[in-house]
Amino acid sequence: MIRMLTHNWGLKLVSLFLAVGLWYYATGEEGIEVTRFIPVEIRVENTKMSLLKTSTRSVQVTFMAPRALLSDLTSEAIKATHKIEKKIDKAGDYSFRLEPGEIQLRTPQIRVIKIEPDVIQVSLDELIVQKLAVKPRFLGEPAFGYKVNQDHIQLNPNAVLVEGPKAQLEKIDSITTEKIDLVGRVRSFRRTLSLDLPVNLKAVSEDLIDVYIPIQESYDEKKIEGILVKTLGTAGKEKVSLDPPSVDLVVRGPKKQFEGLAGSKITAYVDIAEVPSGEYELPLTVILPEGIMQKDDKPVLIKVKIEK
């Protein structure tokens, strides 16, 4: 048995190496089809023209690749780039066929089998520069009882120069910042933000915006009904009648303080301590919770009839 294993051992060892090498070659060269979507970059070489719109910004590509190179197809660097020549200098609609050679691949061992769609339509327009106002873009709302003071928002700069297709720029007069999260805010704050530019537009001046967002308490109004009118200084007076015996008041204050605010938490009275018997119209004194005030400064008069 040992003699059989050791007989011509050199030849057997060579055969083993050849078999292993052939197996690696076969498995490595086995072609496998892989389909994935890749982005399409369109470059307009004429500096006076700009891309207005395109029929697609990605294509579905079927690749043929050896098994050993399949991991290369997961790269985010794979994309297609098509250049529109300088000689195209008029606005209008054009089409082009995307060629396999326009797809950037790491190795020629990966081949392009099919591109869908293989024809792409584009619209070109005159390239212009326009000054646009900058506006903040908000996400969510501040905490209950607070709001953004819109009149005191500060943006620096508050306008920028933007380059893009004429037909697109002529339809807008402003652009926004990236989203500003307001959720739960109770204090003013400052942020440096990028611009949220639409597709095909590019800032040619400052593209970072310093934004100050003032947050303040939100004031509101509320009508409180059925506030009982009391009398002060009734000693020595047998009968006192009031008309009306209760009042409705409109009050103003921080919105968060209106929760649970009712007539029972408001004191309203007329002082008759120094008033003799008779009929009078006396001013109503109102004591409100801290931070709450009457909307109308005009005094409320109560008809009072006093009998001894």
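How many aromatic pairs does a search of the whole structure find? The search finds zero. This is a predicted model, and the points below follow its core, its pocket and its backbone.

1. **Aromatic rings.** With aromatic pairs at zero across the whole structure, a ring contact of another kind can still be noted. Arg 185 lies over the face of Phe 189. The distance to the ring centre is 3.9 Å.

2. **Nonpolar core.** The largest nonpolar core holds 23 residues. Val 59, Val 61, Phe 63, Leu 98 and Ile 103 touch the most other members. Six strands each supply at least two residues of this core: β1, β2, β3 (58-66), β4 (80-84), β6 and β7. β3 gives the most, with four residues.

3. **Largest pocket: space and lining.** The largest pocket contains about 330 Å³ of space. Its lining is made up of 18 residues. Those nearest the pocket centre are Val 44, Ser 50, Leu 51, Leu 127 and Asn 200.

4. **Largest pocket: where the lining comes from.** Three strands each supply at least two lining residues: β1 (31-44), β2 (49-54) and β10 (159-165). Which of them gives the largest share? β1 does, with five residues. β1 and β2 also each supply at least two residues of the largest nonpolar core.

5. **Largest pocket: chemistry.** The lining is mixed by class. Seven of its residues are nonpolar, five are polar and six are charged.

6. **Asn 200.** This residue deserves a look. Asn 200 is among the residues nearest the centre of the largest pocket. Asn 200 sits in the loop between β12 (189-196) and β13 (202-203). Its phi is positive, about 85 degrees, although Asn 200 is not a glycine. Most residues other than glycine have a negative phi. Is Asn 200 buried or partly exposed? Asn 200 counts as partly exposed because its relative accessibility is 23%, and buried would mean under 20%.

7. **Cis peptide bond at Pro 117.** Most peptide bonds are trans. The bond joining Glu 116 and Pro 117 is cis. Its omega is about -10 degrees. Where does Pro 117 lie? Pro 117 is in the loop between β6 (111-116) and β7 (119-139). β6 and β7 each supply at least two residues of the largest nonpolar core.

8. **Cis peptide bond at Pro 157.** The bond from Asn 156 to Pro 157 is also cis. Here omega is near 0 degrees. Pro 157 lies in the loop between β9 (154-156) and β10. β10 is one of the strands that supply at least two residues of the pocket lining.

Note on methods. Residues numbered from 1 in each chain as written. Predicted model: local features only at pLDDT ≥ 70, side-chain atom pairs only at ≥ 80, totals over all residues. Heavy atoms only, no water. 1 Å grid on protein atoms, 1.4 Å probe; cavity = no way out; pocket = protein on both sides within 12 Å on 5 of 7 lines; lining within 4 Å. Points joined across faces, edges and corners; volume = space filled by probe spheres on them. Nonpolar A, V, L, I, M, F, W, Y, C, P; charged D, E, K, R; others polar. Buried < 20%, exposed > 50% of the residue type's maximum accessible area, 1.4 Å probe, protein only. Phe/Tyr/Trp six-rings, centres within 6.5 Å; stacked < 30°, edge-to-face > 60°. Lys NZ or Arg CZ within 6 Å of the ring centre and 35° of its normal. Core = buried A, V, L, I, M, F, W, Y, C linked by side-chain atoms within 4.5 Å.
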